[in-house]
Structures are given as structure tokens and as C-alpha cells.
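Trainee: Could we go through the charged side chains of this one together? I'd like to hear the reasoning as well as the result.

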Amino acid sequence: MTPSALPAGAGDTFITVAVWTGTVALVLTLLLALQIVLLRISLRRRERRAARAVARWRPLLNQAIVGEEPDLPTLRPNERLPFLHLWAHLQGSLRGEANEALNGVARRLGVDTLARGMLARGARNERLLATLVLGHLRDRAAWPQLLPLASAADSVLSLSALWALVRVDPEAAADYLTPLFIEREDWALSHVAGILQQASGPVAQVLARILPGLPEDRLPRALRIAESLRVTLPAGVLAEALRSPSSSVVIAALRGVLTPATLSEVRTLLGHEDWQVRVQAARALGRVGERSDAARLTRLLGDPQWWVRYRAAQALRELPLLAQADLDAVRASLTDRFALDMLDQVLAEEQA
């Protein structure tokens, strides 16, 4: 309907509404633009303040790193976050006495108290930074605050708190965290292994204690944690897992076989009905088997599954104490074309 077709006075109303709508839209656009400009100005101010803080504190921290005793000024409120970011960055790139020197500077400035306050009242990014700082400081006083964060729904924050707990007290952390790592499927095993690496000994003891009582659906993850940390589980615990009726448990246990203590169980699993179990059994035998196991792996070269044949050929090549002459004899004895082709492929891959 055109304005000329509208009732008397309606056209003026239509135009008025249109004008006001356009005016409001223009004002909102201008306000949005002004807000963007103000945010950019604020960001640049923060960046300049951060740069000034870094320029002020970096030389002092460098003095501490090289073994000097710097004359420390007061840490201003607007310097705290830039200082903590710089300090944490240096901590992550240094080792040994330099770390302790930086810790000494932080404690003289009251950074431990500051970080605990951030952990209690700060925004998420500040709490993440605080966990990093407290972990590097190995601040035992922060333990009660860090512990609840370890089970937080926020996986990034919880993993950061876990890392800090391990730094503060590896043994106590292993006792508390190992069951938690088994339960939390949302935590990647690579992150778990990286965090627990400093507590691998205590973690191995905890795993050995709790594995026999774990429900079957939790065993694979627990065994994968042991594998990631390359910890040697007690032979009895590992043998029990290798005898499990669950293929997923057996596969995870085979991946953690690092010594000949469970060699008899591994040999038995070469004939398992699940081809994925046979794959892992062949790999385990290649790590810990004896010279006499060459005959068992040779028979596996005739397996119907390509991956089983491939891993068996690799295991033959890696088998301890198996000389090149023994390998040549194995090759000469093969009558199965597929077995011979597989062994030749693996030998060619090694030469390449």
C-alpha cells in the first residue's frame, strides 16, 4: 500500500515512524562505533602499561637469573599481571638454580600471597595464571585452594590446578589425582602423562594398589596411563589384566608390557581370537621376547590379518638376541608367499 492510498493522516505517521527508526538505527550505530573506539583505546593503554612494566622488571629478573641480588622496587597494582606473565614465561624456559632465584624474587615481592588472592577472587584467566605461578612456586599454602579446582567442570582450569598440585607435592598429588585421571575421560591422555611425569614413581605405586579393584570399564584407561608414563607395573597385577576376558583390557595391558615377567601370558595371547590382541601380543613379544620366540612369530607371519603379519615381521626384526643369520634362516624357511612378502617388506622399510 502506497502513502497516497493510506487514510488521511496515516501517511504523515508512516513518515514519522520511518524517520525515527532511521534516527534510532543511526544513533545505535554511532554508539557501537564509539564503544569499539573506546575499547581499542583502552586496549592500547593496557598494552603500553604492560610494555612499561616488562621494561622495568625484565632487567631485575635477569639480574636474579644470573645470580645477582637485585634491589627490588614495590610491585605496583597496574604492574601485577604483566609481571606475573613475564615471570611465568621465564620460569617455563629455565631450569635449576635460575628457577629458584626467580622464586626468591617472587616471594620477596609477595607474589605467593597475590596469586592465592587471584585464585580465590580473580576472573578465569587470572585464576589460570595463578595456578601456574603457585605451581612454579611450589606453594604448599595454596594446596587447600587448588584441591577443589582439580575436580572443576572446566577442564582447562582443572588440569592447570592438577599440574600445580603435582609440583607442590608429587606424592600426595599422585594419591589423590591418579583415581581422578582414570575417571575423567575428558582429559586427554597426553595432558595426563605430561602432568604426572614428575610423579611417575608415586603414580606407579597408586596404580599397582588400585588396579585390582577397578571396574572392568576403567581398566583400559588406567593401563594406558601406566603405558604413557612408561611405568612398570607389578607382574602379578599385569598378568591378571592380561588374563581378562575383555579384549580392550588385554590390549591395554599388552601395550604396557616392558619386562619379560609376563612372557608366558604374552605367548598365550598370540593365539587369541581377536586379531587386535594378536597384533599387540606380537609387538610385546618383539620388546621382551627371547631368541626361541622367533618360531612363534614366524608362525604368525601366516595369520589371515594383514596387520598381524606386519607386526609379527617387525617383532622378528626387533627380537632381542636374534642375529641377522637367524633372520636369514627364517626367511629361507618360509613357504607361504604372503608371509615371505611381508617379511621382505619390513626388511626393505628398515633399509630405506
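What follows is a short round of questions and answers on charges and salt bridges.

Mentor: Some ground rules. This is a predicted model, where local features need pLDDT of at least 70, side-chain atom pairs count only at pLDDT 80 or more, and totals for chains, interfaces and linings use all residues. Residues are numbered from 1 along each chain as its sequence is written, and side-chain values use heavy atoms, with hydrogens and water left out.

Trainee: How many salt bridges does the count come to?

Mentor: The rule asks for a side-chain nitrogen of Lys or Arg within 4 Å of a carboxyl oxygen of Asp or Glu. Going by that, the count is 20.

Trainee: Take Asp169: which residue does Asp169 form a salt bridge with?

Mentor: The closest N and O atoms of that pair are 2.6 Å apart, and the partner is Arg140. Asp169 sits in the loop between helix 7 (155-168) and helix 8 (170-183) and Arg140 in the loop between helix 5 (124-137) and helix 6 (143-149), so the bridge ties together parts 29 residues apart in sequence. Helices here are DSSP runs (H or I, at least four residues), numbered from the N terminus. So, the name you're after: Arg140.

Trainee: Is Asp293 buried or exposed?

Mentor: Buried means under 20% relative accessible area, exposed over 50%, and partly exposed in between (1.4 Å probe, protein chains only). Asp293 forms a salt bridge with Arg267, at 2.8 Å between the closest N and O atoms. Arg267 is partly exposed because its relative accessibility is 22%. Asp293 has a relative accessible area of 0%, so the word is buried.

Trainee: And which residue does Asp303 meet in a salt bridge?

Mentor: The N to O distance is 2.8 Å, and the other side chain belongs to Arg278. The two link distant parts of the chain, 25 residues apart: Asp303 is in the loop between helix 16 and helix 17 (306-318), while the partner in helix 15 is Arg278.

Trainee: Which residue shares a 3.4 Å polar contact with Arg218?

Mentor: A polar contact is a pair of N or O atoms within 3.5 Å; within protein, one must be able to donate a hydrogen and the other to accept it, and residues adjacent in sequence count only if both atoms are side-chain atoms. Arg218 is found in the loop between helix 10 (200-210) and helix 11 (219-229), and its 18% relative accessible area is why it counts as buried. The contact joins its side chain to that of Glu183.
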